[in-house]
Amino acid sequence: MTTDRQKTITMTTDDEFNTLLRDSLDDFLCDRPKNGHGTTDPAPFDRALWQSMAELGWLGLALPESLNGAGLGLAEAALVAERMGYWLSPAPYVPLALMPSVLLSACADKSRTGDLAGSLVSGERLVSLAWQEKAGQLAPATGTTCIDGRLSGRKCFVADVQADTTLLVWAHDHRDEPLIAAVPANAEGVTVEAAPAGNGELATVTFEGAAIIDNSPLCSGDRAARALHLALDAGRIALSAQLDGLSRSCLAATIDYLGDRQQFGKALSAFQALRHRCADLHIDNELARASWQHALSCHLDAPDTDQTRAAISAAKARCADTALKVVREAIQMHGAMGFVEEGGMGRYLRMALRGAAWLGNGSQHRRRFTATRLQWHPNRQGDGAHPQNLSVEPGEDLNQLSDEEFRLRFRAFLEAHYPKTMRQDYVRPFRRMNGAQAREWLKLVHRHGWRAPEWPREHGGLGLSFRKQLIYNEEQERIGVARLIDNGVTQLGPTLMKYGTDDQKARYLPRILACEDYWAQGYSEPNAGSDLASLGTRAVRDGEHFIVNGQKIWTTLAMEATHMYALVRTGNYEKKQQGISFLLLELDQPGVDIRPIRHIAGEEELCEVFFTDVRVPVENLVGPLDDGWTVAKALLGHERIWLASPNLADKAMMLAQKLVRELGRESDQGVRDRLGQLLADLHDYRQWYNAICRRAEAGETIGAEASALKVYITELTQRITEFNLDIGEDCGALTGEVDLDGTTTDLYWQLAMSRPGTIYAGCNEVQRDILAKAVLRMPR
């Protein structure tokens, strides 16, 4: 029978239904009693709450219509779990509704499971799984037996058992065949010993010849094993979503508290130390959400695979650790109010502790993820047949190609033309082209029509969609194109298209594409780095010229550049961001003095540039006079997502795995745990990065959130290079190339070259402040 509610579902899109479901959940849960009721003791099982959820159709959300359910699935159930976590609902939705639903759906005999499913949907009977036999167990145990319809054995950590609960028990028969049997918790021969845990109880259940319902298992053999594994996988995904909701709720409550609480005459949210802690917790929450949503996607696409189980373990580990971290930090930031029950943090703590530990804690799942990850080597996308036409024809619109056709064609061009001697790989993950190498390569790219993927076609670019821009970058990373500075295409060109005059576009854009002009960026000064608005280089109008005096510093490859776009002071205003102008100037002229600076990796890549009475034509002003700050902000936004690519970290991680293997450290559990943490961090970051890219592809403007990406990936890359140096033991003291059991690499150089990532494009401390202000809305 189709209900009115189910008719409504069929008339809405997935997004519309999820919005309706989310709103319904929030309306229902926001005024309900929260977990714990302000005491350390769990509240009695709330029958009225459970019955209300049944009437709303939530208990049977994941059951098929043939079992009187809503016929939806895990995606909707995960949304329910996430909102329950956010509102600290005491209802044990995951263990008593979702997991039994998945298990019952996977059993073949609907005549046997129909009654149980019907009473679950109506809320008349509670149903809970009993599968675990010891702490720390991730896979089903085999100690409990079912012989002649009677159970004997012991199960532990069984969720929220009440007198009228029906237990779904994992056991084995006399032939050692697995089975799932149903038995009432109040049946003769069943003993239940419950202990408080978070928002409810976890019980040890002992069976001493307890008779199972109908004297026959619900299912057995491979079907029983698959049913239980699917239920555990679904439970872990939904529990991860619930922990994510809890984490976000806790952080939101903490930010509200910091905004209300006053110390030293200002809100606590104005203190930088607290703002930065909240920014880091926000990043943790974003990683957690991306991880469990990726696990959900894997499960929906291909359940019962090693790759999916690895993703599920990564999600459970991430969400468990994040929830505990957020709550610990919240207690600290609440001060004394965090320690007293009245402050509300105790409810978060107890719920986080239960959710983090149940179905496997963070360290257990990270080890499972690591074991799977080190064995599973995803196949590289097949090269396929190489297209014959490697160049882009004049006027050709590459967006008309399918993504796969575009990928293979650009891949074939790179394979044919990019020099093997210049390729970046895992032993040289930070290889960089110098100016001469970059110009030679970019000229070749231009001759074949592949230059400027993001530029509109009317300006000589490829005009690629965001999706194809992403593929373009992925293929460069795949083959190992060394990093290069191409400020003309990535920064100046888009800025001229938006703010430049027609004469400036006609003069400079073709020369940028042909690499006739090679541009340096003139922003930072000795007293104006992150505080760029404090710059002091001045430009004074003198007829048809500006006279420029001052100094720029940290200018990458300025000694090889022909031109510079620079911010200069042209006026004095009360607000220091005003009075700044954006100028284009030639570097090969009197009054320009360029001095290279050697950095800690031993190379002269950075420069300081001095200007003494340098004459710049007025026609080289880009945008309005005194409004260069607006121009510069737009310029910085063009490559923020590409700067946050996981490629460098991925190459460094490949070296880490190779070193662990070749140095014989695979059996060292401490080393494996550290490597596993880094692997999981990079895995989760990649899911977050991909999610942001999908949003950008859909046309969404990615603002300050790009700051969060940059913060995390640069610091993760540093941690990986530190691990590589440490795994090298005594060789970590050496500078230059070293041989590590057959792998020749320069550990020091990689460590040194990872350092500026947290400094350039706005240091990470400034990025955290941007996050706190623009995303978390924490007032200064």
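What volume does the second largest cavity have? About 40 Å³. Keep in mind as you look around that this is a predicted model.

**Stop one: the second largest cavity**

Start by selecting Arg451, Asp486, Asn487, Gly488, Ile512, Cys515, Asp517, Tyr518 and Trp519, which line this cavity. Try colouring the lining by residue class: you'll get four nonpolar, two polar and three charged residues.

**Stop two: the largest cavity**

How many cavities of 30 Å³ or more turn up in a search of the whole structure? Four. The largest cavity has a volume of about 100 Å³. To see what surrounds the largest cavity, select Ala91, Pro92, Tyr93, Val94, Pro95, Asn199, Leu239, Gln242, Met351, Arg354, Gly355 and Trp358. Now show the helices as ribbons: H5 (93-106), H7 (221-260) and H11 (345-357) are the elements that each give two or more residues to this lining. Switch to class colours again, and the lining of the largest cavity splits into eight nonpolar, three polar and one charged residue.

**Stop three: H13 and H14**

Time for some helix pairs. A pair of packed helices is described by the angle between the two axes and by the distance between them.

Select residues 403-417 for helix H13 and residues 435-447 for helix H14. Their axes come within 12 Å and cross at roughly 135°, so H13 and H14 are oblique to each other. As for handedness, H13 passes H14 in a right-handed crossing. Which residues meet here? On the H13 side, pick Phe413, Leu414 and His417; on the H14 side, pick Trp441, Leu444 and Val445. In this contact between H13 and H14, five residues are nonpolar, one is polar and none is charged.

**Stop four: H9 and H21**

Next, select residues 306-333, which are helix H9, and residues 669-697, which are helix H21. This pair packs at an angle of about 100°, and the axes are 10 Å apart. That angle makes H9 roughly perpendicular to H21. Zoom in on Ala311, Ala314 and Arg318 of H9, which make the contact with Ala680, Asp681, His683 and Asp684 of H21. By class, the contact of H9 with H21 has three nonpolar, one polar and three charged residues.

**Last stop: H22 and H24**

Finish with helix H22, residues 705-727, and helix H24, residues 764-775. The two pack at an angle of about 145°, with their axes 9 Å apart. Is the crossing left-handed or right-handed? H22 passes H24 in a left-handed crossing. For the contact itself, show the side chains of Glu705, Ser707, Ala708, Lys710, Val711, Thr714 and Glu715 in H22. Then add their partners in H24: Asn764, Gln767, Arg768, Ile770, Leu771 and Val775. Colour this contact of H22 with H24 by class and you'll find five nonpolar, four polar and four charged residues.

Terms used: Residues are numbered from 1 along each chain as its sequence is written. This is a predicted model: local features need pLDDT of at least 70, side-chain atom pairs count only at pLDDT 80 or more; totals for chains, interfaces and linings use all residues. Side-chain values use heavy atoms; hydrogens and water are left out. Axes are lines fitted to C-alpha atoms, for helices over the stretch in contact, and angles run from 0 to 180 degrees between N-to-C directions. Helices (H or I, at least four residues) and strands (E, at least two) are DSSP runs, numbered from the N terminus. Angles under 35 degrees count as roughly parallel, over 145 as roughly antiparallel, 65 to 115 as roughly perpendicular and the rest as oblique. A crossing is left-handed if the near helix is turned anticlockwise from the far one by less than a right angle, and right-handed if clockwise. Contact means heavy atoms within 4.5 Å. Ala, Val, Leu, Ile, Met, Phe, Trp, Tyr, Cys and Pro count as nonpolar, Asp, Glu, Lys and Arg as charged, and the others, Gly among them, as polar. On a 1 Å grid over the protein atoms alone, a cavity is a set of points where a 1.4 Å probe fits but cannot get out, and a pocket is an open set with protein on both sides within 12 Å along at least five of seven lines; lining residues have an atom within 4 Å of a point. Grid points are joined across faces, edges and corners, and a volume is the space filled by probe spheres set on the points.
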